[in-house]
Amino acid sequence: MKSYLLVFFGLIASGKSTLAEKFAESENMDYLNTDRVRKELAGIEATQHQSEDLGQGIYSPAFTERTYAAMLARAADGLGRGKGVVLDGSYSRRRDRAAVLACGRQEKAPVRFILCFCSDTEVKRRLEMRARDPLAVSDGRLEIYLKQKESFEPPDELASDQLLQLNTEADPAFLLRQIRQWLGA
């Protein structure tokens, strides 16, 4: 497979991390997760939960900017080594997606976005499961999901060949096949 820069994005509990990590592993690509990078930058363990609201603490706009900049620097490094890179995060703002496209142009790597989504009922189920998982990395909670849902900027700036939308309530193996088929791999 080419050295793609793939962005698995969407709202909290949309299934993006599960799918992104499986895809990266199956294709031997670097995998970068915003939750992990954010906590690493903050000097805390990935599984240490922060109960801050959206826009506060390590989720403040400034810290989010720092997180996304670190993600892109690491992506550029991976692409520079000839590795494909998977970015996993909400990428809810057009400007963050534009920065990814600029990184891809600079590194001469094709960029593709995979918007992951599922029903509100499934989001609630996943958040309840995550709350009981001591190894969960994400700090997402229902109230944050609802705020994020209101502020998410639709990816209407992306061309149809740059964007794949996947309902992650389908079988993961089926979804991975769909991604490979879409990429022509």
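Which residue of β5 is the bridge partner of F117? N167 is the one. Keep in mind that we're looking at a predicted model here.

**The sheet**

That F117–N167 bridge belongs to the pairing of β4 with β5, which is parallel and built from five bridges. Zooming out, there's an open sheet of five strands, and reading across it you get β2-β3-β1-β4-β5, paired in parallel. At the edges sit β2 (30-33) and β5 (163-167), each with a pairing on one side only. From one strand to its neighbour the turn averages 20 degrees, ignoring direction.

Now for the other pairings around β3. Strands β1 and β3 run parallel and are joined by four bridges, and F8 has D88 as its bridge partner in β3. On to β2: this strand also pairs with β3 in the parallel sense, over four bridges, and there L32 is matched with L87.

What covers β3: one face or both? Both faces are covered. V85 and L87 are buried on one side, while V86 and D88 are buried on the other. That's the alternation you'd look for, since side chains in a regular strand alternate between the two faces of the sheet.

**Helices across the sheet**

Two helices are worth pulling up next to the strands. Helix α3 lies across β1, β2 and β3, at about 165 degrees to β3. Helix α7 (residues 172-183) lies across β1, β4 and β5, and its angle to β5 is about 165 degrees.

**A closer look at α4**

Helix α4 takes in residues 94-107, 14 residues in total, and spans 20 Å from first C-alpha to last, close to the 20 Å expected at 1.5 Å a residue. Its buried residues are D96, R97, V100, L101, C103 and G104. Why do these count as one side of α4? Because the arc they cover around the axis is only 155 degrees, they end up on the same side of the helix. The spacing follows a familiar rule: an α-helix has 3.6 residues a turn, so residues three or four places apart point the same way.

So what does the buried side of α4 pack against? The partners are β1 (5-9), α3 (61-80), β3 (85-88) and β4 (111-117). Turned away from that buried side is a face with the exposed residues R95, R105 and Q106. Just past the end of α4, K108 has a positive phi of about 55 degrees.

**Aromatic pairs**

Searching the whole structure turns up four aromatic pairs. Here are two of them, with their geometry:

| Pair | Type | Centre to centre | Angle between planes |
|---|---|---|---|
| F8 and F23 | tilted | 6.1 Å | 45 degrees |
| Y68 and Y91 | edge-to-face | 4.5 Å | 70 degrees |

The F8 and F23 pair links distant parts of the chain, with F8 in strand β1, F23 in helix α1 (residues 16-27), and their positions 15 residues apart. Both F8 and F23 are buried. F8 thus has a tilted ring partner in F23 as well as a bridge partner in D88.

The Y68 and Y91 pair also connects distant parts of the chain: Y68 belongs to helix α3, Y91 to the loop between β3 and α4, and they are 23 residues apart. Y68 and Y91 are both buried.

Elsewhere, ring pairs tie F9, F113 and F152 together into a cluster.

Note on methods. Residues are numbered from 1 along each chain as its sequence is written. This is a predicted model: local features need pLDDT of at least 70, side-chain atom pairs count only at pLDDT 80 or more; totals for chains, interfaces and linings use all residues. Side-chain values use heavy atoms; hydrogens and water are left out. Helices (H or I, at least four residues) and strands (E, at least two) are DSSP runs, numbered from the N terminus. The expected span of a helix is 1.5 Å times one less than its number of residues. Buried means under 20% relative accessible area, exposed over 50%, partly exposed in between (1.4 Å probe, protein chains only). The arc is that of the directions from the helix axis to the C-beta atoms. Contact means heavy atoms within 4.5 Å. Two strands pair if DSSP finds at least two bridges between them. Axes are lines fitted to C-alpha atoms, for helices over the stretch in contact, and angles run from 0 to 180 degrees between N-to-C directions. Rings of Phe, Tyr and Trp (its six-membered ring) pair if their centres lie within 6.5 Å; planes under 30 degrees apart count as stacked, over 60 as edge-to-face and the rest as tilted.
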